[in-house]
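Please open the model in your viewer, switch to a cartoon view, and keep the selection panel at hand. The tour goes from one selection to the next.

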Amino acid sequence: MSIIGSNYDVILSPVITEKATKLSEANQVVFRVAPSATKPQIARAVEALFKVKVKAVNTVNAKGKSKLWRGHPYKKSDVKKAIVTLAEGYQIDVTTGL
């Protein structure tokens, strides 16, 4: 288990997809997070960076797919995503910078 230094080491980037945008209607936000990040670390980082109250954190470990490019195989990177549910009355606009 590695030690993660700052909040910026935990939260790597927001996920901006059609599905993630649909989740924002249910007061949820999706972030790419460090592979070693735990749910309490993710909750503390989101609360500190965005000044919001986190209700719950769900994580997903997405394994990288094997692909072909011009006949040569390669593997996409593994990704850990966090679906953060915010408390009532709070929201995060991920389209603006931090």
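Is strand 2 largely enclosed by the rest of the structure or largely open, and why? Keep in mind, as you look, that this is a predicted model. Select strand 2, which covers residues 28-33, and show its surroundings: five of its six residues are buried, so the strand is largely enclosed by the rest of the structure. Buried here stands for under 20% relative accessible area.

Next, widen the selection to the sheet. Strand 2 belongs to an open sheet of four strands, which follow one another in the order 1-2-6-3 with antiparallel pairing. Colour strand 1 (11-14) and strand 3 (54-62), and you will find them at the edges, where each has a single partner strand, so that one side of each is left without a neighbour in the sheet. If you then turn the view to look along the sheet, you can follow how neighbouring strands are turned by 35° against each other on average, with direction ignored.

Now go back to strand 2 and select its partners in turn. With strand 6, residues 79-86, strand 2 pairs in the antiparallel sense over six bridges. Show the side chains along this pairing, and you will come upon Val 29, which stands opposite Val 84 in strand 6, and upon Arg 32, which stands opposite Lys 81 in strand 6. With strand 1, strand 2 pairs in the antiparallel sense over three bridges, and here Ile 11 is found opposite Val 33 of strand 2.

For the next stop, select helix 3, residues 39-50, which lies across strand 1, strand 2, strand 3 and strand 6. Compare the direction of this helix with that of strand 3, since helix 3 runs at about 120° to strand 3.

Finally, turn to the empty space. Rolling a probe the size of a water molecule over the atoms shows where such space is left. The largest pocket has a volume of about 260 Å³, and among its 15 lining residues you should select Ala 20, Ser 24, Gln 28, Ile 92 and Val 94, which lie nearest its centre. Helix 2 (18-23) and strand 2 are the elements that give two or more residues to this lining, and strand 2 gives the most, with three residues. Colour the lining by class, and you will have eight nonpolar, six polar and one charged residues before you.

Terms used:
Residues numbered from 1 in each chain as written. Predicted model: local features only at pLDDT ≥ 70, side-chain atom pairs only at ≥ 80, totals over all residues. Heavy atoms only, no water. Pairing = 2+ DSSP bridges. Axes fitted to C-alpha atoms, helices over the stretch in contact; angles between N-to-C directions. Contact = heavy atoms within 4.5 Å. 1 Å grid on protein atoms, 1.4 Å probe; cavity = no way out; pocket = protein on both sides within 12 Å on 5 of 7 lines; lining within 4 Å. Points joined across faces, edges and corners; volume = space filled by probe spheres on them. Nonpolar A, V, L, I, M, F, W, Y, C, P; charged D, E, K, R; others polar. Buried < 20%, exposed > 50% of the residue type's maximum accessible area, 1.4 Å probe, protein only.
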